[in-house]
Amino acid sequence: MSFLFQTEKLSKAYAGPVLRDVDFTLCPGEVHALVGENGAGKSTLCQIVAGIRQPDSGRMLLEGKPFAPLTRKDAEASGIRIVLQELNLIETLTIAENLFLEQLPNRAGWIKNAALEKAATQALTMVGMQRLPPGILVSRLGIGQKQLVEIAAGMSHRCRVLILDEPTAALTAIDTERLFERIQHFKAEKVGIIFISHHLEEVEAIADRVSVLRDGELVACLHQGEYQLDEVIRLMVGRKLDQSFHAKRAIGKRVLRVEGLQAPPAVREVSFDLSEGEILGFAGLMGSGRTETVRAIFGADQRAAGKIYVGQSNAPARIERPSDAVRLGIGLLTEDRKTQGLLLPKPARVNITLANLGSELLRFGGWLDRDKEASISAKWVQRLDIKVRNVEQTAVSLSGGNQQKLLLARWLYRDCKVLICDEPTRGIDVGAKFEIYRFLNSLAEAGKGVIVISSDLKELLQICDRIAVLSAGKLAKIFRREEWSEDKIMSAAFSEFGAGKVAA
Amino acid sequence: MPDHISDNSSTATASVASDARGSLRQKSQWQEIGENSIGLVIVLILLIGLFSLSTQHFFSAVTFSTILNQVPAAMLVAIGMTFVLIIAGIDLSVGSVLALCGGILGVGLVQWHLPLFLAALLCVAAGAVCGMINGALVVRFQLPSFIVTLGALEAGRGAAYLVTNSQTQYIGSQIEQVNDASFLGLSLPFWVAIIGVILAQLVLTGTVFGRYLIALGTNEEALRLSGIDPRPIKIIVFSVSGAMAGLAAIALCSRLASADPNAGSGFELEAIAAVVIGGTSLMGGRGSVINSFFGVLVIAVLENGLAQLGAQEPVKRLVTGGVIVAAVIVDFYRTRRAEAKSRQLR
């Protein structure tokens, strides 16, 4: 059988290798699913196929001929289309305008509304959304409907290869059903479909073949009906671990208890305890509600229900906003350094002291002692080995790892009892990563409670004492070091997603 | 080999620390302010030089004291406006609030026969309350301050007409004594405004509150997630802006010996212009009260000089408008150069 599309030894590296010698094949009229953990390289592979990124080495063949798109437009001209995970719709335009933004039907600049509406209706019919009037604004749609519009935009053009990156993440069961019907039509027309999903049941139902990516390598390619789901999960996670970062520590008294936390729609039910000297990991897939959970605990977002106890107190703490949480000794190292953490154009000094401009830095009742501030920030710069010329260097001019260390310094200087770190090592180089593990370790050794959210399971296995697994907004299970395994954690991470689908 | 490496890094970090302190001793707070203001001072001197050479009477004590006695109201309003712009807000209501406060001052003195001290206090308090309402609306309903204060611009003017019965209220000698009190040939309002400028600058650069203002204008979410509630800060800033409009009302009424419900119309834009000429960013996070003061002076010198040159109102306005835009363009390039420099050194 000849392949519609194939890759040969495709490789790509950023800081480290993301894809390694990937040989992937796609037959006409086939649905080929890609599965793997967060960061396994699924999205990167798809983006290379769609011309958004270029491989470092290896080549691609489309119908036997070499194919090397330099842009997404190139790939589209050759009949390869991608529907991306994140939404790229313009909220203030109508559905029809969004669908055909690149080539609005017009005469001398005036939009031909009738033609536009007709084409849009056709495209919407393809995804089973004919009941939506194409003239309404995208801002009025729910997230699932937006996803469908995005899919319609991808499907409304003729193509030979269609890539769907997590198309069902925000869809209800009915819409997913409808999408699958559409996919069957495409199959009949001999279009090859690459399908990424975290919902393994869906994959099992629709994919002719499943390829498993792990750390950038394609480790297995399985045919429909010839595998079990737990086998797929094992293939996704199986690897050796270096556990050298975890040091045995004395676990002390409780510092934080969360009971029945709810913050819909992302957080449905979360309860756990955190103790002094403990690092608790939060694992889960994209959309499992980890960030939303810690933001709700910290008071950054509204809670619908749930009690939070700080320290050994048996009375629930009043945390309405972040200032309450910080006063009670909780710190949050946010997921997005630039928009939620740093004062980018300001000096390192100002960034370090922001959360603790207290009595230590004051003199004459209210005036900031700048010399003191400079020497204290210089101390933290030295302790965390932050690469700056001096403490007056602006945050914007630092590398990602050093920016992260600035924020870590801010919370270390505040001296919180509980420090919550949301993706503390995202987008920073390996060296800085290991340093951050060391600091988190020493924090725990000093008797603080630490929560670490990470999409990198390997990282959590290296540094945590326990790992709490969230799945579709529920805390599915908490594993101790001696009882966890990657398979168990991954099954727990998938556990609630099927159930959530039915409920939605 | 490892020894060598660790040795190196420890000397490197030590030098970071010493460099940090060294550079700070080098650059004290006052030095920083001076450095920031030098450009504006040069522009001011150039303007004065230009007008002195091109007119007969510009370079004289009379001209200078006229200018300096004219500016207190604008200076006071500019102080509040600088704070508001630094937190990435805007206050369009200051002109109307000024008129309302002036009306209250006039009514208090003339109809209620309050002692001057009490009437003045009432006037400033009224301004602060107006500002507080602005701030509370911005915070409570998360509205853009542009909208809230645009509403207050209209409502405040209406209230000013109500209070004064739409008539200019003659106050008389009672209030004139405020303006007549002078020191070194300059009026009391001028000295109050100068003290206000210095105090506000100190608060901005030297206190925790000032630091929070700058952080709030740079990245509100970062400040909030650092555990500092931005809401009271915003309310205080708008209250200060209102109170400054109240103080400005006293300055203006004492100069004119009357309270005019039409007073201060267009004042908000004049104040914003002065603050922007002073290099305060409309995007927030950056600004200087001292420079706003120089901004006020630049506009005042320009207007007086052009008048002495015999320029008519249309020309004066054209030139002033040009200077405002030119100042912002110069500032844009200055910041971009500073940013590029900090990248290069990375």
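**Figure 1. The interface between chain A and chain B buries about 3,500 Å².** Carbon and sulfur atoms give 57% of that buried area. The model shown here and in the other views is predicted. Chain A brings 50 residues to the contact, and chain B brings 38 residues. Three residues stand out on the chain A side: A:W367, A:R370 and A:R389. Together they supply 18% of the area that chain A buries against chain B, more than any other three residues. Three salt bridges are counted between chain A and chain B. In one salt bridge, the side chain of A:R321 meets that of B:D229, at 3.5 Å from N to O.

**Figure 2. Six strands of chain A form an open sheet with mixed pairing.** The strand order is β6-β9-β10-β3-β11-β12. Strands β6 (80-83) and β12 (217-223) of chain A are the edges, and each pairs on one side only. From one strand to the next, the twist averages 20°. Look next at β3 (residues 31-35) and β10 (residues 192-196) of chain A, which run parallel. Four bridges join this pair. Here A:A33 stands opposite A:F195 of β10(A).

**Figure 3. Helices α6(A) and α8(A) pack on the six-stranded sheet.** Helix α6(A) touches β3, β9 (161-165) and β10 of chain A. The direction of α6(A) makes about 150° with that of β10(A). Helix α8 of chain A spans residues 229-237. It touches β3, β11 (209-214) and β12 of chain A. The direction of α8(A) makes about 30° with that of β11(A). Strand β3(A) thus appears in both lists, touched by α6(A) and by α8(A).

**Figure 4. Helix α5 of chain A packs against helix α6 of chain A at an angle of about 5°.** Helix α5(A) covers residues 143-155, and α6(A) covers residues 173-188. Their axes lie 12 Å apart. Angles under 35 degrees count as roughly parallel, and α5(A) and α6(A) are therefore roughly parallel to each other. On the α5(A) side, the contact is made by A:L148, A:I151 and A:M155. On the α6(A) side, it is made by A:D175, A:L179, A:R182 and A:F186. Five of these contact residues are nonpolar, none is polar and two are charged.

**Figure 5. A second view of sheet structure in chain A shows an open, antiparallel sheet of four strands.** The order is β2-β1-β4-β5. At the edges are β2 (17-26) and β5 (65-67) of chain A, each pairing on one side only. Neighbouring strands are turned by 30° against each other on average, direction ignored. Strand β4 (residues 57-62) of chain A pairs with β5(A) over three bridges, in the antiparallel sense. Within this pair, A:M60 stands opposite A:F67 of β5(A).

**Figure 6. A salt bridge joins the side chains of A:K12 and A:D56.** The distance from N to O is 3.9 Å. A:K12 lies in strand β1 (residues 5-13) of chain A, and A:D56 lies in the loop between α1 (42-49) and β4 of chain A, so the pair ties together parts that are 44 residues apart in sequence. Over all chains, the count comes to 28 salt bridges.

**Figure 7. Strand β13 of chain A pairs with β14(A) and with β16(A).** Strand β13(A) covers residues 254-263, and β14(A) covers residues 267-275. They pair in the antiparallel sense over six bridges. A hairpin of three residues joins β13(A) to β14(A). The bridge partner of A:V258 is A:F272 in β14(A). Strand β16 (residues 305-310) of chain A also runs antiparallel to β13(A), and five bridges join the two. In that pairing, A:Q262 stands opposite A:A305 of β16(A).

**Figure 8. In chain B, helices α8(B) and α12(B) pack at an angle of about 105°.** Helix α8(B) runs over residues 173-180, and α12(B) over residues 230-256. Their axes are 7 Å apart. Angles of 65 to 115 degrees count as roughly perpendicular, and α8(B) and α12(B) are therefore roughly perpendicular to each other. Helix α8(B) makes the contact through B:I175, B:E176, B:V178 and B:N179. Helix α12(B) makes it through B:C253, B:S254 and B:R255. The contact residues divide into three nonpolar, two polar and two charged.

Key. Residues are numbered from 1 along each chain as its sequence is written. Chains are lettered from A and ligands numbered from 1 in the order in which they are written. This is a predicted model: local features need pLDDT of at least 70, side-chain atom pairs count only at pLDDT 80 or more; totals for chains, interfaces and linings use all residues. Side-chain values use heavy atoms; hydrogens and water are left out. Axes are lines fitted to C-alpha atoms, for helices over the stretch in contact, and angles run from 0 to 180 degrees between N-to-C directions. Angles under 35 degrees count as roughly parallel, over 145 as roughly antiparallel, 65 to 115 as roughly perpendicular and the rest as oblique. Contact means heavy atoms within 4.5 Å. Ala, Val, Leu, Ile, Met, Phe, Trp, Tyr, Cys and Pro count as nonpolar, Asp, Glu, Lys and Arg as charged, and the others, Gly among them, as polar. Two strands pair if DSSP finds at least two bridges between them. Buried area is the accessible area (1.4 Å probe) that two parts lose on being put together, summed over both. A salt bridge is a side-chain nitrogen of Lys or Arg within 4 Å of a carboxyl oxygen of Asp or Glu.
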